[in-house]
Amino acid sequence: MRIILVTGLGGAGRTTVAAATALAEARAGRRVLLVSEDAEGVEDTGGLPGYGDLRVLRPEPAADFRREFLALQARSGTALDLLGAAPFEDAELTELPGSRPFALLRALREAAGGDHELAVVDLPPLPEALALLALPEQLRRYLHRLLPPERQAARALRPMLAQLAGVPMPAQWLYGTTARWEAELAAVQAVVEDPATTVRLVLEPGPAATRALRTARLGLALHRLSLDAVVANRLLPAGSEDPWLAGLTAEQHRHLAELRTGAGDALHELPHLGRAPRGADDLALLAPARPCAAPVPVPEWTVEDRRDEDGVLVWHVPLPGAAKEELSLVRRGDELLLAAGPFRRNLPLPGALRRCTVTGAGLVDGDLRVRFTPDPGLWPRTS
């Protein structure tokens with residue numbers, strides 16, 4: 001099953017493009033799920049003639065927050081009773097800031113488990129979308145550090161250990177909750193990292209578009225996500241006799257030429273309708289080209305063995321569009337903290353590099369090459 005994640009600059013029309021893509025694919029005969037809070041003019045079609053099999057899933061952050069909060073409260077009931085706490089009721093709970101991303105991640109996991117052929121997911125604007133897609137891996141790392149899985153094996157001995165140590169041990173519900181969160185986050189991370197999951201970037205040609213494309217390429221490469229297409233949206237018609245409109249068109253097309261250079265064959269151009277899209281007929285005019293049958297594979301992060309030459313291993317991390325001055329590396333145990341522009345990621349080192357020392361790094365044509373020297377005794381040098 002294919003999953004297309006649609007994002008872009010705020011106000012560029014990403015929700016409209018997501019809805020138009022889903023509707024066009026359904027009309028072409030595919031079973032499609034559209035995940036969007038805000039899509040207008042598109043509803044479940046259920047195989048209606050001329051519309052195809054399109055289903056719509058609308059995340060509900062408020063309801064999702066209440067359900068998760070009440071479940072956590074129920075699992076912690078004994079401890080809350082001992083503290084004399086008054087439990088909350090459903091009607092008095094109000095959605096807290098930060099609950100929306102988790103509702104969208106759960107919707108993404110649900111979308112991956114359906115019987116449809118294609119899911120189109122309407123994501124937030126570009127910076128929030130990249131942070132959202134990185135969230136499952138980040139949270140799993142925090143859980144592993146705070147409550148390592150290997151330590152959970154001791155939970156059966158918790159009462160005895162508490163007596164011996166003289167300190168309270170983590171409650172059983174904490175282990176159960178951690179395990180459930182770990183399973184849910186792992187399922188979402190598997191969806192994000194699946195080779196069949198791609199990102200579609202929607203931009204309106206303008207001063208910020210080229211910069212956004214470069215930023216998107218860097219962030220997607222760092223998190224090993226494939227770019228499905230770049231959609232240049234709301235293109236004004238050329239050849240207008242109105243000087244004001246002709247000036248706007250000329251400026252827009254200058255920025256469009258920059259996008260063509262940066263995106264190449266991945267660029268798809270959509271016209272400005274002269275009005276806000278209304279209904280399925282307008283959406284049919286705004287569908288970009290259908291996704292290719294096989295997503296473009298993400299370049300591998302290879303380890304090059306140079307022991308016979310100068311005794312080092314070189315880890316190749318493709319980062320297209322990166323600049324040397326915006327990259328930094330810090331070794332932390334078996335991880336490499338890599339900062340690339342506004343993005344940061346803790347990269348687990350491949351097994352061959354965990355007993356090596358970082359001795360340098362360089363950037364060659366968008367390929368970050370980190371050099372490692374094996375620690376003495378790891379293996380003998382060949383003659």
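**Strand S5 and an open four-stranded sheet**

Seven of the seven residues of strand S5 (residues 197-203) are buried, so S5 is largely enclosed by the rest of the structure. The model is a predicted one. This briefing covers S5 and its pairing partners, then an open sheet of four strands ordered S8-S9-S14-S13.

**Burial of S5**
- Both faces of strand S5 are covered.
- On one side, Thr197, Val199, Leu201 and Leu203 are buried.
- Thr198, Arg200 and Val202, on the other side, are buried as well.

**Pairing and connection of S5**
- Strand S1 (residues 2-8) runs parallel to S5 and is joined to it by six bridges.
- Leucine 5 has valine 199 in S5 as its bridge partner; Val199 is also among the buried residues of S5.
- Six bridges also link S5 to strand S6 (residues 226-235), again in parallel.
- Valine 202 lies opposite valine 231 of S6.
- From S5 the chain passes through helix H8 (residues 209-222) to reach S6, forming a right-handed β-α-β crossover.

**The open sheet S8-S9-S14-S13**
- The pairing in this sheet of four strands is antiparallel.
- Strand S8 (303-306) and strand S13 (356-364) form the edges, each pairing on one side only.
- From one strand to the next, the twist averages 25°.
- S8 and strand S9 (residues 312-318) run antiparallel and are joined by four bridges.
- Aspartate 305 stands opposite leucine 313 in S9.

Definitions and conventions:
Residues are numbered from 1 along each chain as its sequence is written. This is a predicted model: local features need pLDDT of at least 70, side-chain atom pairs count only at pLDDT 80 or more; totals for chains, interfaces and linings use all residues. Side-chain values use heavy atoms; hydrogens and water are left out. Two strands pair if DSSP finds at least two bridges between them. Helices (H or I, at least four residues) and strands (E, at least two) are DSSP runs, numbered from the N terminus. Axes are lines fitted to C-alpha atoms, for helices over the stretch in contact, and angles run from 0 to 180 degrees between N-to-C directions. Buried means under 20% relative accessible area, exposed over 50%, partly exposed in between (1.4 Å probe, protein chains only). A crossover is right-handed if, with the strands pointing away from the viewer, the path from the first strand over the helix to the second runs clockwise.
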